[in-house]
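Here's a quick tour of a few spots in this chain. Have the viewer open and follow along.

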Amino acid sequence: MALAREPLKTSPSRLQRLFGRWWRQQSPARQDRFATIGPLVSVLMFLAAITAAFWYLRSEEIDRATDALRRDTEVAQQQIRLHLIENQEQLVRIARELVTKDIDTAEFLGQAGAFQRERPEVRHFTWVNAQRRVRASQAVLSFHPEDGSGTNTADPSLPAEGRRSEAEYTFIAARDTRQPVYSRPFTDASGLSVFQVQIPLIDRSNFAGTLIVEYSVEALVRFFVPTEVTRRHLVSVLGPDNRVLVSTVSSMPGQPATPPSLQYDLPLAPMSNGLTLRGQGYRTSIGLIGNTLFWMVVALSVLTVWMLLGTWRHMRRRSQIQHALVQETNFRRAMENSMLTGMRAMDKDGRVTYVNPAFCAMTGFAEADLIGRYPPFPYWPPDRIEENTRLLQQELQGRSPVGGIEVKVMRKDGSLFDARMYVSPLIDPKGQQTGWMTSITNITEAKRIRDQLSASHERFTTVLEGLDAAVSVLSVQHSELLFANRSYRLWFGVDARGHAILANSSNGAPYLPEPDEEVDGLSGLPTQPLTETGAQPREVFVESLQMWFDVRARYLQWTDGRLAQMLIATDITARRRVEEQAQQQAEKAQVTSRLITMGEMASSVAHELNQPLTAINNYCNGMVSRVRAGSIGTDDLIAALQKTGRQAERAGQIIHRIRSFVKRSEPQRQPAHARDIVEDAVELAGIELRRRKVNIHTYVAQRLPMLNVDPILIEQVLLNLLKNAAEAIDSAKMQNSRRHIELRVVPRHTPEEGGVIEFSVTDMGPGMKEDVLARLYEAFFSTKAEGMGIGLSLCRSIVESHRGRIRAQNLYNGGSVTGCRFAFTLPVDLSQRAEAHPVPDVPDVAAASNPNASAS
C-alpha cells in the first residue's frame with residue numbers, strides 16, 4: 001500500500017518566534033522606519049567589508065615587504081659583525097706577538113701589509129707606544145712605511161696628549177680598560193668617514209702602547225653587504241647624530257629624494273660606538289586612493305545610500321506629521337483636563353457649545369447640563385440675572401474690557417464665589433469668527449488675601465509711624481527715598497539727604513551714581529548675598545541736629561524688585577551724655593584714689609623727705625662752722641657741697657614721683673616697658689613698705705614684648721595691690737619670716753586670652769575669707785573701717801579697660817592659709833619685637849633701703 005507523502009513542516013525556532021512577536025508590537029511608523037533602515041545598514045556594511053578587504057590586502061603586502069627588509073638588514077649586519085670579530089681576533093694575536101716576541105719594525109710592517117692586502121676596508125695599521133709615539137705605520141694609499149720619525153700632531157687618526165679627538169679618547173679607554181676599544185666615527189685627513197679599533201699592548205701587566213687599525217665605513221658597506229641585499233633595498237650607515245655617513249644609493253643632484261616608506265635600524269655590532277645600520281625600502285602596492293575598483297564600489301554604495309536616505313526622509317516627514325497631530329490632540333485633551341481655569345465657548349447667538357472639566361468642577365454642573373443652553377444660565381445667581389444679561393450682551397458685541405470682568409458665580413448647591421472672566425474671539429481654521437471663548441478664574445481666595453494684605457499694610461504703617469526711631473528706605477540704583485516714617489520726616493524732612501548723612505558715616509554707605517552715568521552700574525550687583533547680610537549697628541553724630549543716633553543698616557529687595565537700603569536710626573543722645581558723665585566720674589574716682597593713697601602714705605612720705613632735708617641742714621651747718629673757723633679746704637668744701645646736692649636731688653625725685661602719680665590727666669595709651677612700670681610702682685610703694693617693715697622681692701622676665709597701656713593707671717593698680725598686701729601683713733602682726741611680698745611679671749599664653757603679660761603680687765599674710773573674695777570688686781565694699789571701698793573696684797575697671805583680667809586667690813599649705821595672691825593680665829601681640837637686650841631684675845627697693853630687712 002502506497003503511503004502519501006506529506007511535506008515536512010518545520011516548526012519555527014524560538015528566535016523566530018521572539019522576533020515575530022517583537023515586530024508585531026511595533027507601531028506601523030516604526031515598522032516603516034526599520035524597513036528603510038535595514039537596506040541602508042546592509043549597504044553600509046557591504047561598503048565597510050569592501051574597504052576592510054582592500055585595507056587587509058594592502059596591510060599584508062606591507063607586512064611582507066617589512067619582513068623582507070628586516071631580514072636583509074639583519075643579514076648585512078651579521079656579515080659586517082662576523083668580519084669585524086674575525087679581524088679583532090687576528091689583531092689580538094698580532095698584539096700578543098708584538099709584546100712576547102721582540103719584533104722589529106720591518107717584521108711588523110710585513111705583517112701589516114699582509115693584513116691589509118686581505119682586508120680592503122683597513123685604511124691604516126699603526127703601532128703606537130705608551131707615550132703615543134708612532135713606532136711603525138702602514139697606510140693603504142701610500143704604502144710607504146713610516147718608522148715613527150715623523151710628527152703626528154696634524155693627523156686626526158693618531159692620538160695626541162691633550163688633543164680632543166676620537167683617537168685620543170679611544171687610546172685612553174684602551175689604556176684604562178686593557179681591552180680592545182672601538183672609537184666613534186670621525187673624518188680622517190682625506191675627508192672619509194672612518195672609525196678605529198685600538199688593541200692594548202700589555203707587557204708583563206704594564207701598558208706598552210696600542211695597535212691602531214682604522215676602518216673605512218664606505219669600504220665595509222661596499223665589500224661586506226651582500227649584492228642581493230643592495231639590489232633589493234637601500235642600505236645606509238648613520239652616525240651618532242643620525243647623519244648618513246655612507247649609503248648604497250645616491251640621489252640625483254638637484255632633485256629632491258623620495259622618502260622611503262619602509263625603514264629598519266640595527267646597531268652596527270660589535271663596537272657599540274654609535275654607528276647604526278639602516279635598511280630602507282618602498283612599497284609596491286597601490287593605495288586605496290588610487291584603486292579604481294574601490295572607487296567604483298564606493299560610488300555605487302553612495303548612490304544606493306542616497307536613494308535610501310531620500311526614501312527614509314520622506315517616510316520620516318510623514319511620520320512626524322502624524323506624530324505631531326497625535327501629540328497636539330493629546331496636548332489639548334491634557335490641557336483641558338488639568339487646567340484650573342474654567343473654559344466656556346458660545347456661538348454668536350449665546351448658546352453654550354463647549355465647557356471644559358475645570359468649568360464643570362468649578363460650578364458643580366455636569367457637561368450635559370450646560371451644552372446647548374441659552375441664557376439665563378443655571379450658574380447665574382437669581383438676583384444678578386439682569387446684570388449678567390447686560391454683561392453677556394456686551395460680551396457678544398465684543399466690548400468686554402481687556403482686563404476682564406469681576407462677576408459672581410453660583411454653584412449647583414447654591415453657594416456663591418467671586419470670579420474674573422476674560423473673553424476672546426473664537427476663530428475657525430478658515431479664519432472666520434464662529435463665537436466667543438470665555439475663561440473664568442476663581443478669585444475668592446486671592447481677594448481675601450488681598451484684603452488681609454491691605455489691612456496688614458495699614459497696621460504696619462501705623463506701627464512705623466508711631467516709632468521714636470527714624471526709619472527710611474532708599475533705592476540704591478537711583479538714590480530715591482522710597483519710605484520715611486514720621487520721626488525721619490520730623491528730623492530730616494522728606495528728601496534723601498538725611499539718609500545719606502546716616503549711611504555715609506560708615507562703610508555700609510549705599511552706592512550713589514554720578515549724574516553723567518548713562519547705564520546702571522549695579523546691574524550685576526549680587527542682590528541675594530546683600531539682602532542676607534544682617535544689620536550692622538554703629539553710632540553716628542549729626543552735627544546739624546547736635547544729636548547722636550544708633551544706626552542699623554541692611555539691604556533688602558523692595559516690592560518692585562529693586563535693591564534698597566533700609567536704615568533705622570534711634571536717638572541715643574541722652575545715653576551718650578550719661579556715658580560721658582560716667583566716664584568723667586570714673587576718671588575723678590581714679591584721681592581721688594591716687595590722692596587717698598598718697599594721703600595714707602603722707603606720714604611715710606614726710607619721714608622719707610625728712611632724712612634728706614636733715615642731711616642737707618647738717619651739711620650746711622657744718623660747712624658754715626668750718627668756714628668761719630677757717631678750718632676747711634677747697635676740696636672738703638666741694639665734697640660737702642656735692643653731698644648736699646645729692647640729698648637735695650633725692651628729695652626732689654621723691655616729690656617729682658609723687659606729683660606725676662597724683663597729677664590728674666586723661667588716660668593716654670602709649671608703648672611702655674613692663675620693667676619701667678614696675679620700677680616706678682616699687683619706688684613709690686617702697687616708702688610705705690619700709691614704714692611697715694615689709695620686704696619686697698621683684699622678678700621681671702627678660703625680653704618682654706612692649707605694652708600699649710596707660711603707664712600711670714597700671715602703676716596705680718600695682719601700687720594699690722602692694723599697699724593692700726603690706727597693710728594685710730602689718731595689721732595681722734605677722735612675724736618677720738612672713739613679712740614678705742613677691743612681685744612677678746612673666747609672659748603667659750592661654751587658649752582664652754592668647755598672649756598676655758601677667759603681673760602677680762603674692763603676700764604671706766592671713767589671706768581673705770571666702771565671702772570677702774566673692775564681693776572683693778564691689779564698689780564701696782571694704783574690710784577696713786576707714787576704707788572707702790573703691791580701690792579694687794578701680795583696679796578692676798582699669799585692667800578691664802585694657803582688655804585684661806584680674807583675679808585673687810588664697811594660697812594654702814594643706815588646710816591652712818599661707819598667703820594671698822592678686823594677679824592681672826594685659827594682652828600683647830607676641831609677634832612684635834621684644835625688648836632689645838636683657839635687663840637685670842628690678843632691685844629690691846625696700847630691702848635695699850632698710851638694712852634691717854632681708855630679701856626673700
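## A five-strand sheet

First, a bit of vocabulary: two strands count as paired if DSSP finds at least two bridges between them. Keep in mind, too, that this is a predicted model. With that in hand, look at strands β19 (residues 547-557) and β20 (residues 563-571): they run antiparallel and are joined by 9 bridges. To find the register on screen, pick Leu-556 and look across to β20, where Ala-564 stands opposite.

Those two strands belong to an open sheet of 5 strands, and reading across it the order is β17-β16-β20-β19-β18, with antiparallel pairing. Which strands stand at the edges? They are β17 (481-484) and β18 (538-542); each has a single partner strand, so one side of each is left without a neighbour in the sheet. Going from one strand to the next, the twist averages 30 degrees.

## Aromatic pairs

Now for the rings. A pair of aromatic rings is described by the distance of the centres and the angle of the planes. The model has 14 aromatic pairs, counting rings whose centres lie within 6.5 Å. One of them is Phe-108 with Trp-127, at 5.4 Å centre to centre and 55 degrees between the planes, which makes a tilted pair. The pair links distant parts of the chain: Phe-108 is in helix α3 (residues 105-118) and Trp-127 in strand β1 (residues 122-129), 19 residues apart.

Are these two rings' residues buried or exposed? The cut-off for buried is under 20% relative accessible area. Phe-108 has 0% relative accessibility, so it counts as buried, and Trp-127 at 4% counts as buried as well. Both also belong to one aromatic cluster, together with Phe-115 and Phe-125.

## A second pair and a cis peptide

Phe-377 and Trp-380 make another pair. Their ring centres are 5.2 Å apart and their planes are at 80 degrees, so this one is edge-to-face. Both Phe-377 and Trp-380 are buried.

While you're there, check the backbone: the peptide bond from Pro-375 to Pro-376 is cis, with omega near 0 degrees. Pro-376 is in the loop between α9 (367-370) and α10 (385-396). For context, most peptide bonds are trans.

## A charge over a ring

Back to β19 for a moment, the strand that covers residues 547-557. Trp-548 has company there: the charged end of Arg-576 sits over its ring, 3.6 Å from the ring centre.

## Two positive phi angles

Most residues other than glycine have a negative phi. Which residues go the other way here? Gln-546 has a positive phi of about 55 degrees although it is not a glycine, and Lys-733 also has a positive phi of about 55 degrees without being a glycine.

Gln-546 is in the loop between β18 and β19. With a relative accessible area of 48%, Gln-546 is partly exposed. Lys-733 is in the loop between α19 (711-731) and β24 (740-750), and its relative accessible area of 69% makes it exposed.

## A buried serine

One last stop: Ser-216, in strand β6 (residues 206-216). Its relative accessibility is 4%, so Ser-216 counts as buried. What is Ser-216 in contact with, leaving aside its neighbours within four places in sequence? The answer is Glu-121, Arg-123, Ser-193 and Val-194.

Methods
Residues numbered from 1 in each chain as written. Predicted model: local features only at pLDDT ≥ 70, side-chain atom pairs only at ≥ 80, totals over all residues. Heavy atoms only, no water. Helix = DSSP H or I, 4+ residues; strand = E, 2+ residues; numbered from the N terminus. Axes fitted to C-alpha atoms, helices over the stretch in contact; angles between N-to-C directions. Phe/Tyr/Trp six-rings, centres within 6.5 Å; stacked < 30°, edge-to-face > 60°. Buried < 20%, exposed > 50% of the residue type's maximum accessible area, 1.4 Å probe, protein only. Lys NZ or Arg CZ within 6 Å of the ring centre and 35° of its normal. Contact = heavy atoms within 4.5 Å.
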